[in-house]
Amino acid sequence: MRRLPIFFLVDVSESMVGESLSKLEKGITAIVSTLRKDPYALETAHLCVIIFAGKARTVTPLTELASFQPPELPVGGGTALGSALGHVMDEIDRTVISTTPDRKGDWRPIVFLLTDGHPTDSTHKAVERWNRSYRSRSHLVAVSIGGNADHVVLRRLTDDVVVFNDAAPDAFARFVKWISMSIQSQSRSVSAGKDGGISLAKTEPGLLAPVEKAAGLTPFGGVDDRYAVFVGKCEKSRLPYVVKYERHMGRIETTDPVLAEMLKTRRYALAGAVPVKTTYFDLSDGADSGQAVNSEDLVGQPACPHCGARFGMAVCECGHIHCVSGDGVHTCPWCGGQGHYGSAGKGKGFDIGRGRG
Ligand SMILES: [Zn+2]
Ligand SMILES: [Zn+2]
């Protein structure tokens with residue numbers, strides 16, 4: 001049987017933390033259950049899930065639909081697109097059976113690349129390798145989540161670059177449907193013996209927009225720095241968590257005069273804090289972004305998602321963030337240093353190194 005190999009190459013960098021990632025996890029489950037009901041897809045489609053942040057890793061090797069178990073998507077720091085492309089090409093070499101004069105191999109693989117940020121590593125070599133040896137024998141569909149990916153780089157890889165407006169109503173459900181329909185239609189084409197171009201489902205206005213050749217700019221307003229993301233550690237459990245702030249851009253309405261005053265000058269409002277696993281550090285490249293956000297730019301302080309301590313954004317002298325239960329002497333779970341912690345004086349703020357999304 002000739003397989004239709006499908007690779008999901010999913011960006012799990014910090015900006016994806018929370019809603020986006022859990023929706024994608026559920027999305028993969030939904031895609032699989034839709035495809036299982038389709039006799040053509042069931043017969044041909046095989047799925048592989050690769051995640052990448054600062055590093056890339058295969059979380060589910062190429063598996064037939066019937067025995068596919070949707071993976072959990074962990075979080076890491078960085079968006080190493082170059083490594084991710086290298087990883088998917090190695091995976092194609094390892095698992096996709098090529099056609100030879102005396103053997104019919106697999107159908108052309110489809111790669112769905114889902115990313116929401118600019119690469120943090122060099123992509124030059126990987127792009128060259130892709131175009132030289134893989135582009136003509138696979139289909140790459142690059143999805144720029146929220147229009148925040150580097151469209152110039154993506155356009156160098158494929159003609160199929162689409163912007164996914166993740167703020168649209170029922171965005172993820174509709175997006176998942178689009179991917180499922182595209183896979184279904186491609187499995188129909190190959191079952192009929194056609195393995196030419198890819199037959200993607202129709203894009204929907206307002207949800208998915210193709211990026212045209214010349215477009216380096218993003219159709220949805222392309223706000224850079226949509227998020228400010230920080231990595232903290234719990235003082236008690238020493239486990240990591242990610243704190244996400246979102247640019248509020250005047251969208252928050254409040255009757256609280258103190259909050260209203262803060263929102264006038266501070267750009268980022270707390271979106272939430274989520275526990276992450278220690279694999280966070282295995283998936284991160286360990287480099288700092290070099291950017292810093294002052295606490296004077298942030299509204300809201302989360303509780304620690306591990307132990308419930310009231311302050312999840314205490315900053316040690318070593319520059320790292322951790323939780324503290326209140327004023328007093330605390331031990332930094334990053335450097336082991338002890339110090340006295342109290343609320344920052346009015347107008348002082350603190351500078352904290354930020355993740356790169
Ligand atoms: Zn804690
Ligand atoms: Zn420290």
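This passage walks through the fold of a single chain, from its overall make-up to its sheets, helices and hairpins.

The model is a predicted one, so it makes sense to start with how confident the predictor is. The mean pLDDT of the chain comes to 85, with 90% of the residues at 70 or more. Looking element by element, helix H3 has the highest mean pLDDT, at 97, while strand E17 (residues 351–353) has the lowest, at 57. Two stretches drop below 50. One is residues 213–224, which still has 18 contacts in the model beyond near neighbours in sequence. The other is residues 345–349, with four such contacts.

As for the general make-up, the chain has eight helices and 17 strands. Of its 357 residues, 41% count as buried. Contacts tend to reach across the sequence: taking those between residues at least 6 apart, 70% join residues at least 24 apart.

One open sheet is built from seven strands in the order E3-E2-E1-E4-E5-E6-E7, and its pairing is mixed. At its edges stand E3 and strand E7 (208–210); each has a single partner strand, so one side of each has no neighbour in the sheet. On average, and ignoring direction, neighbouring strands here are turned by 20 degrees against each other.

Strand E2 shows both kinds of pairing. With strand E1 (residues 4–11), E2 runs parallel, and eight bridges link the two. Leu4 sits opposite Ala45 of E2 in this pairing. H3 packs on this sheet, touching E1, E2, E3 and strand E4 (110–115), and its direction makes about 150 degrees with that of E2. On the other hand, E2 (residues 45–52) pairs with E3 (residues 56–64) in the antiparallel sense, over six bridges. His46 has Glu64 in E3 as its bridge partner. Just three residues lie between E2 and E3, which form a hairpin.

H3 also has a helix for company. The axes of H3 (residues 81–95) and helix H4 (residues 124–133) come within 8 Å of each other and cross at roughly 30 degrees. The crossing is left-handed. On the H3 side, the contact is made by Gly82, Leu85, Gly86 and Met89, and on the H4 side by Lys125, Ala126, Arg129 and Trp130. Sorted by class, the residues of this contact are four nonpolar, two polar and two charged.

A further open sheet has six strands, ordered E12-E10-E9-E8-E14-E13, again with mixed pairing. Strand E12 (298–299) and strand E13 (311–315) are the edge strands, each pairing on one side only. Within this sheet, strand E9 (residues 240–247) and strand E10 (residues 268–275) run antiparallel and share seven bridges. Val242 has Val274 of E10 as its bridge partner.

Further along the chain comes another hairpin. Strand E15 (residues 328–331) and strand E16 (residues 338–341) run antiparallel and are joined by four bridges. His330 stands opposite Gly339 of E16. Six residues lie between the two strands of this hairpin, and Gly336 there takes a positive phi near 80 degrees.

Methods:
Residues are numbered from 1 along each chain as its sequence is written. Chains are lettered from A and ligands numbered from 1 in the order in which they are written. This is a predicted model: local features need pLDDT of at least 70, side-chain atom pairs count only at pLDDT 80 or more; totals for chains, interfaces and linings use all residues. Two strands pair if DSSP finds at least two bridges between them. A residue is buried if 20 or more other C-beta atoms lie within 10 Å of its own, exposed if 12 or fewer, and partly exposed in between; C-beta atoms are placed from the backbone. Two residues are in contact if their C-beta atoms, placed from the backbone, lie within 7 Å. Axes are lines fitted to C-alpha atoms, for helices over the stretch in contact, and angles run from 0 to 180 degrees between N-to-C directions. A crossing is left-handed if the near helix is turned anticlockwise from the far one by less than a right angle, and right-handed if clockwise. Ala, Val, Leu, Ile, Met, Phe, Trp, Tyr, Cys and Pro count as nonpolar, Asp, Glu, Lys and Arg as charged, and the others, Gly among them, as polar. pLDDT is the predictor's confidence in each residue, from 0 to 100.
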